[in-house]
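Open your viewer and have the selection panel ready. We will take a short walk, one selection at a time.

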Amino acid sequence: MDRYARWNALLELLTDSGRVSVEDAARRLDVSQATIRRDFDQLAQQQMITRTRGGAVASGVSYDLPLRYKTAKHSAEKQRIGEAAARLVSPGTVVGLNGGTTMTEVARALAVRPDLNASGEGAQLTVVTNALNIANELLVRSRMKIVVAGGVVRPQSFELVGPLGGALLKEVTLDTVLLGVDALDVELGAAAHHEGEAAMNSLMVARAKRVVVIADSSKLGGHAFARICPIGKIEVLVTDSGAAPGEVTALREAGVQVICA
């Protein structure tokens, strides 16, 4: 296991438990305690964790771990979600995408659909995104037209936020927005941890004819800091088969079409 893989694993351990000792981390990752101490020290220098005597605790930033440190948690589910979401997109349309690990899988699934990359007139897909990593995924793997909203980059998610991007979004119309969220609740709607991301996502929703929320089952019924939109704005939810039946039923009763990939 290389250093970055260990860091991913350590951050996931801290996210799950809030605290971990050097001894326990070394045992779980099958490396020396000296290696874990160095890893903890380096993560603490980056303000990713708080070092304690004999271990580490999760700092506030662990609530919304930077994308580059997130492991492929629920990766199989996210790949299935990405493929199912990509099937909802028609050639020749304009699609909005935001950022996140699940949305990365959506972008990859879109990039390998031959009918979305055809060179014929009217066949090319136009993608509007505020996420630099999503733009890169599509740019290097497809022939789609990519439009990137401006703004200030959030290192946590590689998403662009702020009034510069908002100015662009106010001037475009989206046929469909595929929206990754941090939480989805029938009463509270869709939400994100960061208010800047929520504001950009809300603008995408306002400019879209159809809103499709992309969320693995761990996000359903959850709460996050900043609201994106009420449940009434959402036409379709694409999630995984692990979604709780009660959550799915409540969403369907609220008028949301639920696709369990």
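Start by selecting residues 3-58: the C-alpha atoms at the two ends lie 19 Å apart, and the span is 64% helix and 20% strand (DSSP runs numbered from the N terminus, with helices being H or I of at least four residues and strands E of at least two). For these residues, an unreviewed UniProt entry lists "domain: HTH deoR-type", and such annotations may be inferred rather than shown by experiment.

A word on what you are viewing: this is a predicted model, where local features need pLDDT of at least 70, side-chain atom pairs count only at pLDDT 80 or more, and totals for chains, interfaces and linings use all residues. Residues are numbered from 1 along each chain as its sequence is written, and side-chain values use heavy atoms, leaving out hydrogens and water.

Next, colour helix H1 (residues 3-17) and helix H3 (residues 33-45). Their axes, lines fitted to C-alpha atoms over the stretch in contact, are 11 Å apart and at an angle of about 75°. H1 and H3 are therefore roughly perpendicular (65 to 115 degrees).

Now show side chains where they meet (heavy atoms within 4.5 Å). From H1 come Arg-3, Arg-6, Trp-7, Leu-10 and Leu-11; from H3, Thr-35, Ile-36, Asp-39, Phe-40, Gln-42 and Leu-43. These contact residues divide into six nonpolar, two polar and three charged.

Finally, pick Ser-32, in the loop between helix H2 (22-29) and H3. Its side chain joins that of Thr-35 through a polar contact of 2.9 Å (a donor and an acceptor, N or O, within 3.5 Å).

Methods: Axes fitted to C-alpha atoms, helices over the stretch in contact; angles between N-to-C directions. Parallel < 35°, antiparallel > 145°, perpendicular 65-115°, else oblique. Nonpolar A, V, L, I, M, F, W, Y, C, P; charged D, E, K, R; others polar.
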